[in-house]
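Trainee: I have a new structure to go through and I'd like some help. Could you take a close look at one part of it with me?

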Amino acid sequence: MADKKSFVLYCDYKKHFALLPAEDQGRLLMAIFDYVETGTEPALESSSLMAFSFIRAQLDRDIEKYKEICRKRK
């Protein structure tokens, strides 16, 4: 995952973030960055972890789509 330098942060995620306190929102955002860069599962509290699980599913789909595009272009 480290070769990918960007990811999409969808507006739909706002509803997940809005349910969390500001401090947890920051942790969630950093967990998303870490996951995209390293693939590391975050150590988050239950509410943040649930939000991450929804977001991770889309991130995984986007990452697979990116890899498929790269394979086709080779």
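How much accessible surface does the chain have, and what share of it belongs to carbon and sulfur atoms? After that, please walk me through the place where α2 meets α3.

Mentor: Happy to, and keep in mind that this is a predicted model. The accessible surface of the chain comes to about 5,400 Å², and carbon and sulfur atoms own 57% of that. Of the 74 residues, 27% count as buried. If you trace just the C-alpha atoms, the chain spans about 45 × 20 × 15 Å along its principal axes.

Now the layout. You'll find three helices and zero strands, so to speak an α-α-α run when you read from the N terminus on. Take the contacts between residues with a separation of 6 or more: 55% of them join residues 24 or more positions apart.

On to the part you asked about. Helix α2 covers residues 22-38 and helix α3 covers residues 46-73. Their axes come within 10 Å and cross at roughly 30°, and the crossing is right-handed. On the α2 side, look for Asp-24, Leu-28, Ala-31, Ile-32, Tyr-35 and Val-36. They meet Ser-48, Ala-51, Phe-52, Ile-55, Arg-56, Leu-59 and Asp-60 on the α3 side. Sort the residues of this contact by character and you get nine nonpolar, one polar and three charged.

Let's zoom in on the rings. The structure holds three aromatic pairs. One of them is Tyr-10 with Tyr-13, an edge-to-face pair at 5.6 Å centre to centre with 80° between the planes. Tyr-10 has a relative accessible area of 31%, so it counts as partly exposed, whereas Tyr-13, with 5%, is buried. Another pair sits right in your contact: Tyr-35 and Phe-52 are also edge-to-face, 5.4 Å centre to centre with 85° between the planes. This pair links distant parts of the chain, with Tyr-35 in helix α2 and Phe-52 in helix α3, 17 residues apart. Why do we call both of them buried? Buried means under 20% relative accessible area; Tyr-35 has 5%, so it qualifies, and Phe-52 has 0%, so it does too.

Next, slide over to Leu-20, which is found in the loop between α1 and α2. Leu-20 has 7% relative accessibility, so it counts as buried as well. Leaving out residues up to four places away in sequence, Leu-20 touches Gln-25, Leu-28, Ser-47, Ser-48 and Ala-51. You've already met Leu-28, Ser-48 and Ala-51 in the α2 and α3 contact. Pick out Ser-48 in particular: its C-alpha atom is separated from that of Leu-20 by 7.1 Å, although the two are 28 residues apart along the chain.

Finally, have a look at Lys-15 in helix α1, which runs over residues 14-18. Lys-15 has 53% relative accessibility, and exposed means over 50%, so Lys-15 counts as exposed. Its C-alpha atom is separated by 9.3 Å from that of Ala-51, 36 residues apart along the chain. Ala-51 is a handy landmark, then: you can find it in the contact of α3 with α2, among the residues that Leu-20 touches, and at 9.3 Å from Lys-15, C-alpha to C-alpha.

Technical notes:
Residues are numbered from 1 along each chain as its sequence is written. This is a predicted model: local features need pLDDT of at least 70, side-chain atom pairs count only at pLDDT 80 or more; totals for chains, interfaces and linings use all residues. Side-chain values use heavy atoms; hydrogens and water are left out. Axes are lines fitted to C-alpha atoms, for helices over the stretch in contact, and angles run from 0 to 180 degrees between N-to-C directions. Helices (H or I, at least four residues) and strands (E, at least two) are DSSP runs, numbered from the N terminus. A crossing is left-handed if the near helix is turned anticlockwise from the far one by less than a right angle, and right-handed if clockwise. Contact means heavy atoms within 4.5 Å. Ala, Val, Leu, Ile, Met, Phe, Trp, Tyr, Cys and Pro count as nonpolar, Asp, Glu, Lys and Arg as charged, and the others, Gly among them, as polar. Buried means under 20% relative accessible area, exposed over 50%, partly exposed in between (1.4 Å probe, protein chains only). Accessible areas come from the Shrake-Rupley method with a 1.4 Å probe; for residues, only the protein chains shown count as cover. Rings of Phe, Tyr and Trp (its six-membered ring) pair if their centres lie within 6.5 Å; planes under 30 degrees apart count as stacked, over 60 as edge-to-face and the rest as tilted.
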